[in-house]
Amino acid sequence: MWLPFVGLVIGLLLGFWTEFRIPEIYSNYLSIAVLAALDTLFGGIRAHLQNTFEEKVFVTGFFSNILLAAGLAFLGVHLGVDLYLAAIFAFGVRLFNNIAVIRRILLSKWTAKQDRQTEN
Amino acid sequence: MKVKGNHVILSFVLIITGFIVALSYQFANEGQNSQVITERQWNKEDELRNQVLFEQSLNRNLSEELRAIQAEINTIEEEIAYQERAYFNLVEDLDKLRMVTGSVGVKGPGIEVTLSDADYVPDGENPNFYIVHEGHIQKVIHELLVTQAEAIAINGQRISHQSYIQCVGPVIRIDGNTSFAPFVITAIGDPDKLHDSLHLPGGVRDQLLSDQVEVKIEKKELIIMDPFLSERG
């Protein structure tokens, strides 16, 4: 379980320390990519908790979601339509949904555990 | 714990997520910094601008002061230059005056007058009338001085403006130094002029000759005189 967290820390450090720069006009895409990544992550956690986790789905979903969101924003900028709002909306709703499901699962697991303890 | 395949994939995904999050976080921070100018920043800017203005006015004052000081230095330098010129002139004058008073050695063209006692004194005559007296020397010297001789010496003894010539029997004393005949009077000046002035009809030479003094006058290309030293010898 420790390896993913090490990976997260390494990624954060890389992001902070490297002098990697993207032009300012692409910052919108970046924020949408962040949203997509978070959405996929929480989706993966939820799936894991529900025991329906599949690696391939998760990995492909992660990358395709990021690319799709960025591409949608790109298209929106060039068409003059704020299409990135759609991506934000969709991801935001799913994010909240996923978090709510995770919370509920965790809560039910916790209560079940407490019940078992009291029975014992 | 065994490293499973899905853990590797998960950590890879998390690396990318962390990277993107950090990047966007940085980006958001930068955007905020560059766009939003808070009241505090305005105040700070105002303060800094005031400080800059203050420094500038200070600099202006200082540069004005500097200019004033430079002008002062200029005037002082001019003054010094003028004084130096004056000093130079004074030194030149001093040199000339020293030459005149005889405190330095001088050389130049001039004339040499030799006065000797008469060789022949007839019997029964007072030999006093046949020797050179201080008066004769004084006559010559006066004549030479009148003819603008620049420096005069008797037997190598320089004459200054306060020299005295004293007759002591057959010898004379010049500034306390004894001299014997023949007396060689050297004078620096225009040789022709000095020569002519001594040879005026009825002049010094004729008078000396009539006083039974042997006079020999010759022009010299170069006469070197030692400085006047009263304590000499």
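The questions and answers below go through some features of a predicted model with the help of definitions.

This is a predicted model, in which local features need pLDDT of at least 70 and side-chain atom pairs count only at pLDDT 80 or more, while totals for chains, interfaces and linings use all residues. Residues are numbered from 1 along each chain as its sequence is written, and chains are lettered from A and ligands numbered from 1 in the order in which they are written.

Q: How do you know that the span of helix α4 (residues 83-119) of chain A agrees with its number of residues?
A: Helices (H or I, at least four residues) and strands (E, at least two) are DSSP runs, numbered from the N terminus, and the expected span of a helix is 1.5 Å times one less than its number of residues. The 37 residues of α4(A) should therefore span 54 Å, and the end C-alpha atoms are 54 Å apart, which agrees.

Q: Why is Phe91(A) in α4(A) called buried?
A: A residue is buried if 20 or more other C-beta atoms, placed from the backbone, lie within 10 Å of its own, exposed if 12 or fewer, and partly exposed in between. Phe91(A) is listed as buried, as are Tyr84(A), Ala87(A), Ile88(A) and Asn98(A), so each of them meets the limit of 20 or more. What covers the buried residues of α4(A) includes α2 (27-49) and α3 (55-79) of chain A.

Q: What makes both faces of strand β2 (residues 151-154) of chain B count as covered?
A: On one side Ala151(B) and Ala153(B) are buried, and on the other side Ile152(B) and Ile154(B) are buried too. In a regular strand the side chains alternate between the two faces of the sheet.

Q: How do you know that β2(B) pairs with strand β7 (residues 183-188) of chain B?
A: Two strands pair if DSSP finds at least two bridges between them. Four bridges join β2(B) to β7(B), so the condition is met, and the two strands run antiparallel. Within this pair, Ala153(B) stands opposite Thr186(B).

Q: What makes β4 (165-168) and β6 (177-179) of chain B edge strands?
A: They belong to an open sheet of three strands with the order β4-β5-β6 in chain B and antiparallel pairing. Each of β4(B) and β6(B) has a single partner strand, so one side of each is left without a neighbour in the sheet. Strand β5 (residues 171-174) of chain B is joined to β6(B) by three bridges, and Arg173(B) stands opposite Thr178(B) there.

Methods
Two residues are in contact if their C-beta atoms, placed from the backbone, lie within 7 Å.
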